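User: Could you take a close look at the metal site in this model for me, and then walk outward to what surrounds it? I'd like the cut-offs spelled out as you go.

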Amino acid sequence: MSAESCVFCKIVAGTLPADIILDTEDLLVIKDINPQAPIHYLILPKKHIETLLDLNPMDTLLASELLMITQRLANKAGIKSFRLVANNGKEANQRVPHLHLHFVAGSKMTGF
Ligand code: AMP
Ligand code: ZN
């Protein structure tokens, strides 16, 4: 999928609305439109990268930012427990081909 037709690129560009939780130089955190828990955010890089397998060594800082921003999100929400999920690739049910981490919290989680 090209960046032009990508839903998350449209949100980054401001041409599609979203509930923005955090906006940094490299990342956007938005509320998931179809939340699976009381807190369900999507952490995404502003640049169009389809999957984790498309990251390159130049993205090392970006990759660490994707994880480090969870501290700000947890602080902001006043929580210490959350689940991070990356559906990576079609077989893993990645529906939006723009790299993102699901940040899920606010209810007792079981399994996995
Ligand atoms: P995934 O299956 O990991 O690709 O998940 C994509 C997620 O994006 C799903 O949980 C959707 O509910 C969410 N989503 C799709 N479109 C939007 C949108 N316009 N705004 C916010 N979340 C969205
Ligand atoms: Zn994109």
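Analyst:

**The zinc site and its surroundings**

The zinc ion (ligand 2) is held by four protein donors, Cys6 (SG), Cys9 (SG), His48 (ND1) and His98 (ND1), at 2.0 to 2.3 Å. Donors here are N, O and S atoms within 2.8 Å of the metal (3.2 Å for Na, K and Ca), and water is not among the atoms, so sites may look incomplete. A word on the ground rules: this is a predicted model, in which local features need pLDDT of at least 70 and side-chain atom pairs count only at pLDDT 80 or more, while totals for chains, interfaces and linings use all residues. Residues are numbered from 1 along each chain as its sequence is written, chains are lettered from A and ligands numbered from 1 in the order in which they are written, and side-chain values use heavy atoms, with hydrogens and water left out.

The angles among the 4 donor atoms run from 104 to 117°, and the site of the zinc ion (ligand 2) is tetrahedral. For four donors, that label asks that all angles lie between 85 and 135 degrees. Along the sequence, the donor residues follow the spacing C-x2-C-x38-H-x49-H. Cys9 sits in helix 1 (residues 7-13) and His48 in the loop between strand 3 (39-45) and helix 2 (60-77), so this pair ties together parts that are 39 residues apart in sequence. Helices (H or I, at least four residues) and strands (E, at least two) are DSSP runs, numbered from the N terminus.

How buried or exposed are these two donors? Cys9 counts as buried at 12% relative accessibility, whereas His48 is partly exposed at 25%. Buried means under 20% relative accessible area, exposed over 50%, and partly exposed in between, with a 1.4 Å probe and protein chains only.

Now for Gln94, which is found in the loop between strand 4 (83-85) and strand 5 (101-105). Gln94 is buried, at 12% relative accessibility. A polar atom of its side chain lies 3.0 Å from the backbone oxygen of Glu50, and the side chain of Gln94 also reaches the backbone nitrogen of Gly89 at 2.7 Å. Both are polar contacts, that is, pairs of N or O atoms within 3.5 Å; within protein, one must be able to donate a hydrogen and the other to accept it, and residues adjacent in sequence count only if both atoms are side-chain atoms. Setting aside neighbours within four places in sequence, the residues in contact with Gln94 include Thr51, Asn87, Leu99 and His100. Contact here means heavy atoms within 4.5 Å.

Asn93 lies in that loop between strand 4 and strand 5 too, and its phi is near 70°, a positive value in a residue other than glycine. Most residues other than glycine have a negative phi. Asn93 is partly exposed, at 46% relative accessibility.

Ligand 1 is worth a stop as well. Of the 16 residues around ligand 1, Asp32, Arg95, Val96, His100 and His102 come nearest; a residue is near a molecule or strand if one of its heavy atoms lies within 4 Å of it. An oxygen atom of ligand 1 is 2.5 Å from an N or O atom in the side chain of Asp32, and an oxygen atom of ligand 1 is 2.7 Å from an N or O atom in the side chain of Arg95. A nitrogen atom of ligand 1 lies 3.1 Å from a polar backbone atom of Ile33.

Asp32 is also among the residues in contact with His40, leaving aside neighbours within four places in sequence. His40 lies in strand 3 and is buried, with a relative accessible area of 6%. Its side chain reaches the backbone nitrogen of Gln36 at 3.0 Å.

Finally, the packing. The largest nonpolar core has 16 residues, of which Val29, Tyr41, Ile43, Ile69 and Leu73 touch the most other members. Such a core is a set of buried Ala, Val, Leu, Ile, Met, Phe, Trp, Tyr and Cys residues joined through side-chain atoms within 4.5 Å. Strand 1 (20-23), strand 2 (27-31), strand 3, helix 2 and strand 5 each give two or more residues to this core, and helix 2 gives the most, with 4 residues. A second, separate core of 8 residues includes Phe8, Cys9, Ile11 and Leu42, which brings us back to the zinc ion (ligand 2), since Cys9 is one of its donors.

How values were computed. Four donors count as tetrahedral if all angles lie between 85 and 135 degrees; four count as square planar and six as octahedral if opposite donors are over 155 degrees apart and all others between 65 and 115; anything else is irregular.
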